[in-house]
Number of protein chains: 2
Amino acid sequence: MSYHAPITDILFAMIHEAGLDLGFKDGVYADLGDGFAEATLREAGKFAENVLSPLNRVGDKEGAKFAQGRVAAAPGFAEAYRQWTAGGWNAITGPSEYGGMGLPVLLNTACIEIWSAANLAFSLCPLLTLAAIEAMQSHAREALKAVYLAKLVSGEWTGTMNLTEPQAGSDLGALKTRAERQQDGTYKLFGSKIFITYGEHDMAGNIIHFVLARVPDAPKGTRGISLFLVPKFLVGADGALGARNDVHCISLEHKLGIHASPTCTMVFGDHGGATGFLIGEENKGLACMFTMMNSARLNVGVQGVAIAERAFQHALAYARERRQGHVSGDMSEAMSPIVQHPGVVRMLMTMKAMTAAARAICLMTADSIDRSRRERDSSARERAAERASLLTPVAKAFSADIGNEVASLDIQVHGGMGYIEETGAAQFFRDARIAAIYEGTNGIQEIDLVQRKLGLSGGAAVHREVADMRAAAGALGNSNAENFGEMEPCLAEAVDALDRATAFMLDASKTRVEDALAGATPYLRLFAYARGGTALARGALAAHRLSLAGNSDSALPARIATARFFAENIAAGAGGLEREVTRGVGSVRASAAVLGQ
Amino acid sequence: MSYHAPITDILFAMIHEAGLDLGFKDGVYADLGDGFAEATLREAGKFAENVLSPLNRVGDKEGAKFAQGRVAAAPGFAEAYRQWTAGGWNAITGPSEYGGMGLPVLLNTACIEIWSAANLAFSLCPLLTLAAIEAMQSHAREALKAVYLAKLVSGEWTGTMNLTEPQAGSDLGALKTRAERQQDGTYKLFGSKIFITYGEHDMAGNIIHFVLARVPDAPKGTRGISLFLVPKFLVGADGALGARNDVHCISLEHKLGIHASPTCTMVFGDHGGATGFLIGEENKGLACMFTMMNSARLNVGVQGVAIAERAFQHALAYARERRQGHVSGDMSEAMSPIVQHPGVVRMLMTMKAMTAAARAICLMTADSIDRSRRERDSSARERAAERASLLTPVAKAFSADIGNEVASLDIQVHGGMGYIEETGAAQFFRDARIAAIYEGTNGIQEIDLVQRKLGLSGGAAVHREVADMRAAAGALGNSNAENFGEMEPCLAEAVDALDRATAFMLDASKTRVEDALAGATPYLRLFAYARGGTALARGALAAHRLSLAGNSDSALPARIATARFFAENIAAGAGGLEREVTRGVGSVRASAAVLGQ
């Protein structure tokens, strides 16, 4: 099925839900004004629809192929990648001194949704390059930047993140790859890494690996990890490619989905050592890697939104066309389109509303990242940085989860056809499943939220966020709009539930951290319901105001109906989630009888 | 991963949650006494573990193969099927006058869980034969029974259900396959059918198709459908196989999962007409087919339980072995097994509790079917039949849904390894996805529950069921058992929520059927939470009594902890579901703005 980039939906969410409207006013987003954001998204949409989307199915069927140490990208991917870099799409947020456009993360986040929806497996390659660019920009020496950064920004070379080892997945402190200091200031790396996305391929002239390893006298655990740059081909001072470095792909994983994204096992140093260059300081690698990870985490959340959007479009198109049975009141001879059946309506509206809520959360996270860099006032930058930190695990985990749920509903709307691979719903379902796993499993995001992020500034960051949600829900009460239904009381209840659950979490985190962690899963979901629901409410209010002002855009009532559906049906589950957080602790403690742990 | 048939869990659920204890007392299950049930399940467990489970992975990888009209079963399947019939496993519930054992559906349901968990794709073949046996038993002429029934009961021949056509999926009234009367009383069938499970294969000597078709002068819609028996090979009066009938498989579907179960497109009558024999009366085929469907629907629910059980075992084994990080308070050098991390505990307990609740619902549905046939008193039989009718859509849809959810959690517990096909979690995830679709999509089950089943005996059937749940929840209050936690208030709230939602549904069904259907999805889930939670509570009370009586079985505290987890965490969502049913109607009505329907 063809993909239609939902430009107006994304723009509306950027402007009215995520804060672009404010950024136009206060100048933080001056470079997105005069229609620049829309024009960019429209071009992105064309590229995604015309170049990336047509390769999605063949990428799934053929996949990337491994033979004798080489990886051939899926059919058409290398040429599409060439067009991608030629179009400048790799350079949106890159630093201008290295050829980038220096544009806001908010704009790029919107673009990443579009690439990921069109072709998730393709989009992973530039996503990892982007993470590499950010780590280099923040932590690398100027000499390294001079050699590598411009080519990563343009996309001529691609980047990878080499973290995981068999015994070190969620726990990076357990990793064993060694880096031995050489007399010339470089290092020789020895070890192997698994699950390396685009660790090897034939789409770019060089591949720049960012590798976590230990120097010989490093402390144990995460305080003894260093970050190294290890190029596939060594690079001369003149920028010319030199000898092949001692880093090799030895196999690809056979995965449930994203078949066109090669997931490599990489071996370093089997022939004398892989030459590596230290990024930042020895033993400070984890901090550098977190720079890469935070951006990547938001973008994985965006992948969930992207697959959800595509699955929704796919399901809606089928539901409008497919006819079965007769809905009540339909006296015509022909069967009714299934989009008229209430159960199908509920599925489609759940898909739409979940997608919209997750999109709003991702975009407001991106806005916070921009503000953490672009606000004039340093305390405003600091607050924005805290907000980005707080929202990132929610954006990642919730969006990844709804990506799975919405992709599953696409199968369900299709009935028997949904289970047949040719229909395409199955691919979305298989592809979507990775997002809850990589860049820190959703379980890691929940721990991050509860153990690290709730305590930011002694709880002030989360309290500011809850206050913002309460204000958004409260604003509904003044509108008297009939089509808002019970949006206001439902969202007010959800925010209250989050507020109480947050108090429980902050208290438990001090003395009974296990009790806090026992409720981390429902807590994150509750947070997302309240944050997503109130963000959509803000959009609904804007749509209402625009309608009152005479704007006859038929999408405006749809935005109100979507926000209302979310509030009355999905956010309605907030009370149950709160109870899981606050009353489910005892039953988690009692689980030893079942699990024997 | 190897599968371990959970005999003691299943037996406990049969006895203490589904009503086998009562059946021992009142004689309905006299034939299961003296350890017969346990002995049978133990033998079934051995067969499943030793013969069926080892073929599960190869069946997924190799699948069934189509070439020139023939279908070759996956490697090892034909020999396993031979052992299956030789072991008598096909004949458990078959009528004794045709070689069956005439044993209770309850016992067979437990066995079906075991077969389905060991090898879902294999188990589908006998499941369809079973449905065919039931349709023949109830509706076929004696002469047909004499020729076909004994061989279906033994499994020497297998059965299929031919319902779906491209334009007629959920809406069978739209089907077009024709059946022309012949002078000898037989019919010639012409048409094609899709999605025919085991429509062609090489595991049995003959395949007996049960086919829905229209006679020439049939009324439109579902009142003009007749059921025909169409054998692959015609059968002489002496029982010997004769000429090949004009029914052929022309292709297999390429599916997301259950690769070893051939899903066939069947063509009837391309070479002069397929000879068919009428089952029951002309134009009464749908009633006959519903006999097949109801039994099949329960069994599809059981498949959800089965995959969930296997996924739970798989995840628990990994979580005990895999070590990452250190849980709070663990000062040892080695990393902690992830089964000790609270977030993983929550996932595993959710898997365990969902599985147990769905199993209880399926087994109590089976018990009701037995009682509808075995009770001495006709009014008791009638009440039991209504109960079976009421519970069947819940058993099917809820169990299928939790099969998906639990299989997805298995992937999540495995982290990155879960996304790799070799781990096996991905197969469970792919296989499980079909259960919510076939034998009536879950949407059809929800409509069935709300439109047909709630109204049974003017609402008396559902009121009896809610009263039974309330009694089970109330009984907890008298126990004073400390390890019951907040089970009683949580379940009482859930039953109250169901009661109110039921009143809303019964009222809406009379005048605003669209409003009832708009809430059918959350209503069915709410029903399952209350029914499943209170069934587990009944088990917890029994475990408590057994412990007090000196039984030191270590599984008893586990049953209490599982019931408690379900009540405090899962049933805690009941209030939100009730609100979706009763307050979400307006937002579903308002959806036209979004969906344009």
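1. A quick definition to start: a residue is buried if 20 or more other C-beta atoms lie within 10 Å of its own, exposed if 12 or fewer, and partly exposed in between, with C-beta atoms placed from the backbone. By that count, buried residues make up 63% of the 597 residues in chain A.

2. Some housekeeping. This is a predicted model, in which local features need pLDDT of at least 70 and side-chain atom pairs count only at pLDDT 80 or more, while totals for chains, interfaces and linings use all residues. Residues are numbered from 1 along each chain as its sequence is written, and chains are lettered from A and ligands numbered from 1 in the order in which they are written.

3. On overall build, chain A has 21 helices and 12 strands; helices (H or I, at least four residues) and strands (E, at least two) are DSSP runs, numbered from the N terminus. Its C-alpha atoms fill a box of roughly 80 × 60 × 55 Å along the principal axes. The radius of gyration of chain A is 24 Å, which agrees with the value near 25 Å for a compact globule with 597 residues. That radius is taken over C-alpha atoms, and the globule rule is 2.2 Å times the number of residues to the power 0.38.

4. Now contacts: two residues are in contact if their C-beta atoms, placed from the backbone, lie within 7 Å. Among contacts in chain A between residues at least 6 apart in sequence, 77% join residues at least 24 apart.

5. Have a look at helix α5 of chain A, residues 77-86, whose buried residues are A:F77, A:A80, A:Y81, A:W84 and A:T85. Seen down the axis of α5(A), these fall within an arc of 135°, so they line one face of the helix; the arc is that of the directions from the helix axis to the C-beta atoms. The buried residues of α5(A) pack against α3 (36-52), α4 (56-62), α7 (120-139) and α8 (142-154) of chain A. After α5(A) comes A:G88, with a positive phi near 80°.

6. One of those partners, α7 of chain A, holds A:E134. A:E134 counts as buried, with 22 C-beta neighbours inside 10 Å. Leaving aside neighbours within four places in sequence, A:E134 is in contact with A:T291, A:M292 and A:S295.

7. How do the two chains relate? Chain A can be laid on chain B with an RMSD of 0.0 Å by a turn of 180° and a shift of 0.0 Å along the axis. That is the relation of a two-fold axis. The superposition is by least squares on the C-alpha atoms of residues with pLDDT of at least 70 in both copies.

8. As for where they meet, the contact takes 81 residues from chain A and 81 residues from chain B. On the chain A side, 35 are nonpolar, 30 polar and 16 charged. The copies meet through the same surface, because 100% of the interface residues of chain A are also interface residues in chain B.

9. For a spot to check on screen, try A:R583 in helix α19 (residues 574-583) of chain A. A:R583 is partly exposed, with 19 other C-beta atoms within 10 Å. Not counting residues up to four places away in sequence, A:R583 touches B:E486, B:E568 and B:A572. The C-alpha atoms of A:R583 and A:G519, 64 residues apart along the chain, are separated by 9.0 Å.

Definitions and conventions: Nonpolar A, V, L, I, M, F, W, Y, C, P; charged D, E, K, R; others polar.
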